[in-house]
Amino acid sequence: MTSIIIYLIFESILFVAFALLALTQFPHRRATKTSELSSGAIFKARLLAGVLQISILIMAVLQDGEGFGFLLWACLLPFSACSVSLFLAWQPTLLAPLSRLMVSLEYCSVNTHLDGSKNR
């Protein structure tokens, strides 16, 4: 039972990763009725999506071993991608909150300290 919950969590994280990748493209952002992203925010979103995908691969391998972990990850990837395309085709406004959250990546700075001050 716990492995099913873990697999659902893996699927959810991969769904978010593919949604991030899809929402960096102009037609999908227009479908969600959100503003266009800067090139820096697009890069950060794509980098975050890649990190999420690789981290799920690592967690799947650690959870179930090399053979089944990689197979599980390879089977979850197309399922997640198809789920995102279904959401974009059926009801793209369901991805609008994530799309709006991506706009905050434009204002996110690596040089921000914990107290909120920035390096100058």
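Helices here are DSSP runs of at least four residues, numbered from the N terminus. With that in hand, we can walk through this structure, which is a predicted model. Isoleucine 4 makes a handy starting point, since this residue is found in helix H1.

Before looking closer, take in the whole chain. The chain has five helices and zero strands, so its pattern along the sequence reads α-α-α-α-α. Of its 120 residues, 35% are buried. Among the contacts with a separation of 6 or more, 73% are between residues 24 or more positions apart. The surface the chain exposes comes to about 7,500 Å², and carbon and sulfur atoms supply 71% of that area.

Now let us return to helix H1. This helix covers residues 2-22, which is 21 residues in total. From its first C-alpha to its last, H1 reaches 30 Å, close to the 30 Å expected at 1.5 Å a residue. Several H1 residues are buried, including Tyr7, Phe10, Leu14, Phe15 and Phe18, along with Glu11. What lies over them? The cover for the buried residues of H1 includes helix H2 (26-31), helix H3 (39-64), helix H4 (66-90) and helix H5 (96-103).

Other residues of this region face a different setting. Isoleucine 4 has a relative accessible area of 48%, so it is partly exposed. Ile4 also belongs to a nonpolar patch on the surface, together with Met1, Ile5, Leu8 and Ile9. Together these residues have about 540 Å² of accessible area.

Further along H1 we meet leucine 21. Its relative accessible area is 27%, and therefore it counts as partly exposed. Setting aside neighbours within four places in sequence, leucine 21 is in contact with Arg46, Ala49 and Gln53. Leucine 21 and leucine 47 are 26 residues apart in sequence, while their C-alpha atoms are 9.2 Å apart in space.

Aromatic rings are a good thing to look for next. A search of the whole structure finds two aromatic pairs. In one of them, the ring centres of phenylalanine 15 and phenylalanine 87 are 5.2 Å apart and the planes stand at 65 degrees, so the pair is edge-to-face. This pair links distant parts of the chain, with phenylalanine 15 in helix H1 and phenylalanine 87 in helix H4, 72 residues apart. Are these two partners buried or partly exposed? Phenylalanine 15 is buried because its relative accessible area is 18%, whereas phenylalanine 87, at 27%, counts as partly exposed.

The rings of phenylalanine 70 and tryptophan 73 have their centres 5.7 Å apart and their planes at 40 degrees, so this pair is tilted. Both residues lie in helix H4, three residues apart, which is about one turn of the helix. Phenylalanine 70 is partly exposed, with a relative accessible area of 45%, while tryptophan 73 is buried, at 13%.

Our last stop is serine 99, which has its place in helix H5. Is this residue buried or exposed? Serine 99 has a relative accessibility of 0%, and buried means under 20%, so serine 99 counts as buried. Leaving aside neighbours within four places in sequence, serine 99 is in contact with Leu23, Arg29, Thr32 and Thr34. Of the helices we have met, H2 spans residues 26-31, and you can look for Arg29 there as you turn the model.

Definitions and conventions:
Residues numbered from 1 in each chain as written. Predicted model: local features only at pLDDT ≥ 70, side-chain atom pairs only at ≥ 80, totals over all residues. Heavy atoms only, no water. Helix = DSSP H or I, 4+ residues; strand = E, 2+ residues; numbered from the N terminus. Buried < 20%, exposed > 50% of the residue type's maximum accessible area, 1.4 Å probe, protein only. Contact = heavy atoms within 4.5 Å. Areas by Shrake-Rupley, 256 points an atom, 1.4 Å probe, with all protein chains shown as cover. Expected span 1.5 Å × (residues − 1). Patch = residues over 30% accessible without salt bridge, like charges linked within 9 Å, V, L, I, M, F, W, Y side chains within 5 Å. Salt bridge = Lys/Arg side-chain N within 4 Å of Asp/Glu carboxyl O. Phe/Tyr/Trp six-rings, centres within 6.5 Å; stacked < 30°, edge-to-face > 60°.
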